[in-house]
Amino acid sequence: MVTAAAPTSFDGARLLSWARRSATELERRRRELNELNVFPVRDSDTGSNMAHTMQAAVSEAEKRGASAGIREVAEALAVGSVRGARGNSGIVLSQVIRAVAQSVGEGPLDAGDVATALNSAVQFVDRAISEPVEGTVVTVLRAAAGAASDAPDDATLEEVAAAALSAAHVALAKTPSQLEALREAGVVDAGGAGLVILLEELLGEVTGQAAVSAETGDAYEPHSQPADLEVMFLFSGPLDELESALSSMGTSLVVARVHETHGKVHIHSADAGRVIETAYAMGEVSDLRLEVLPPAPVTDNPERLIVALTPPGSLAELYGQAGAVTVAPGEDVVSEVLSVVRRSPATEVILLPNGQLDSRQIGAIEKAARAFEQTVTVLPTVRLVSGIAALTVHDPGQPLSTVAFTMSEAAGEMRTAAIQRADGGLVVVTHGELTPAPAEPCEAVGAACRRLLEHGGEQVAILYCPEEFVDFDTGPLSAELGVDVLAYPADGLGSLAEIGVE
């Protein structure tokens with residue numbers, strides 16, 4: 001028997017086939033998705049809205065005829081989905097299809113186009129939703145886009161589709177840990193579950209097989225990572241009968257009785273929805289709480305990654321020698337940081353912004369990282385020199401909480417300043433205040449050091465622009481100040497010098 005090879009690209013017929021498969025599967029699982037719909041309001045229509053929107057897209061594309069090319073099919077799907085979009089979930093779905101249409105060129109849709117489409121969809125959805133909330137379809141979409149973008153340049157369409165689907169499964173399983181409404185209901189995000197269906201059908205279309213669809217039901221289990229929940233609640237009713245009914249639904253079952261018909265119930269279960277339904281059916285439930293459990297206890301120190309925002313060149317080399325992976329500031333810095341984190345096998349990540357990220361970018365990284373397997377901790381390093389101070393006290397043998405505190409303390413206790421040009425002269429910048437400085441760079445550095453040392457200090461660290469300081473000799477400055485002075489050339493510093501006193 002000869003098995004047909006998976007296609008390396010999609011033509012118009014294959015794209016329409018994927019859309020039909022998706023519409024059929026969304027309709028088949030419409031009720032299931034509706035039952036998951038508890039956020040932003042419990043209106044139980046996500047499945048219906050997504051199914052209607054996808055069917056509207058298919059209907060519009062089918063008007064183009066069997067001979068329509070891929071661009072014509074893609075544009076028709078986009079037009080139909082936007083016109084037929086129902087509800088918040090339908091609007092999000094229409095933006096995903098619109099991104100596909102804009103990613104199609106003259107030729108067939110290939111692996112790179114899929115990655116581009118998913119990343120464009122993230123931008124479109126962010127713009128379409130006035131206040132995007134993590135723990136929803138936005139999180140799942142961003143995870144899928146990141147995984148597709150991280151695939152090797154020579155990855156096949158099947159490999160990119162599989163990577164995007166796997167990342168989406170993991171992100172969906174984590175949505176209850178990000179949204180209280182999902183956690184209380186014991187469900188995953190309905191819109192995110194619908195997006196996973198689209199990706200399942202994409203992979204199924206590529207491989208020529210029916211996609212393996214996990215029924216999300218009441219508790220969602222991704223293929224790679226079971227999402228066990230810790231379920232706790234107060235119960236009034238037949239406790240013995242409830243205990244017997246729950247005994248096969250999980251582990252660590254504990255029933256703390258106040259009396260025979262009232263008590264506190266605790267259980268770890270991958271089927272939290274069935275646990276909750278059983279309890280409600282048998283008696284009165286109150287004070288319901290759910291927490292996502294790690295897949296297995298961690299008994300040793302996990303591998304840790306330190307990511308530092310650093311201009312390329314000598315300073316990046318310095319950070320690298322200290323054990324950090326560097327990312328250069330730029331237009332796509334958020335995506336690049338997330339890509340570095342996603343590719344790393346480390347389970348703990350420390351991010352040093354070093355004054356190279358604004359608050360919006362830091363917020364975007366923190367929100368997106370909630371869908372990752374890793375724990376990402378952002379430290380308050382406001383300058384490149386304070387990032388170095390934090391790195392010097394990093395102890396890989398200590399727990400993350402201890403290390404984060406120690407490194408933050410080192411960065412926070414360092415008094416810093418920068419020498420910059422302004423209005424034809426030099427100024428010292430400290431805490432946003434500008435003070436005139438001597439016109440000669442070395443003298444300006446000396447003046448800044450003396451000012452910072454007014455409150456004490458044992459060591460001065462200087463990062464300097466090599467074009468501005470020729471043959472920079474720290475010996476005389478160290479003798480004058482009476483403390484150790486360490487100086488490092490720093491390409492792309494953005495100022496003449498940065499000074500830190502500790």
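Strand β9 is largely enclosed by the rest of the structure, because five of its five residues are buried. This is a predicted model, and the account below covers β9 and its surroundings, then helix α1 and the nonpolar core.

**Strand β9 and its partners**

The burial of β9 extends to both of its faces. Glu 348, Ile 350 and Leu 352 lie on one side, while Val 349 and Leu 351 lie on the other, and all are buried. In a regular strand, side chains alternate between the two faces of the sheet.

β9 pairs with β7 and with β10, as set out in the table.

| Partner of β9 | Residues of partner | Sense | Bridges | Residues standing opposite |
|---|---|---|---|---|
| Strand β7 | 304-309 | parallel | five | Leu 305 and Val 349 |
| Strand β10 | 375-378 | parallel | four | Val 376 and Val 349 |

Val 349 thus stands opposite Leu 305 of β7 and opposite Val 376 of β10. Together with helix α15, strands β9 and β10 form a right-handed β-α-β unit.

**The loop after β9**

Between β9 (348-352) and α15 (359-369) runs a loop that holds Asn 354. The phi of Asn 354 is near 60°, which is a positive value in a residue other than glycine. Most residues other than glycine have a negative phi. Asn 354 is also buried, with a relative accessible area of 1%; the cut-off for buried is under 20%.

**Helix α1**

Helix α1 covers residues 12-28, 17 residues in number. From its first C-alpha to its last it reaches 24 Å, close to the 24 Å expected at 1.5 Å a residue. At the start of α1, the backbone nitrogen of Ala 13 has a side-chain oxygen of Asp 11 within 3.3 Å. The buried residues of α1 include Gly 12, Trp 18, Ser 22 and Glu 25, and also Leu 15 and Leu 26.

**The nonpolar core**

Leu 15 and Leu 26 appear again in the largest nonpolar core, which has 75 residues. Along with Met 54, these two leucines have the most contacts inside that core. The helix that gives the most to this core is α10 (residues 190-207), with 10 residues. In soluble globular proteins, nonpolar side chains tend to be buried together.

Which residues does Leu 26 contact, leaving aside its neighbours within four places in sequence? Leu 26 is in contact with Leu 33, Met 50, Ala 51, Met 54 and Leu 93, as well as with Gly 194, Ile 197 and Leu 198.

Notes:
Residues numbered from 1 in each chain as written. Predicted model: local features only at pLDDT ≥ 70, side-chain atom pairs only at ≥ 80, totals over all residues. Heavy atoms only, no water. Core = buried A, V, L, I, M, F, W, Y, C linked by side-chain atoms within 4.5 Å. Buried < 20%, exposed > 50% of the residue type's maximum accessible area, 1.4 Å probe, protein only. Helix = DSSP H or I, 4+ residues; strand = E, 2+ residues; numbered from the N terminus. Contact = heavy atoms within 4.5 Å. Expected span 1.5 Å × (residues − 1). Polar contact = N/O pair within 3.5 Å; in protein donor to acceptor, adjacent residues only side chain to side chain. Pairing = 2+ DSSP bridges. Right-handed = clockwise from strand over helix to strand, strands pointing away.
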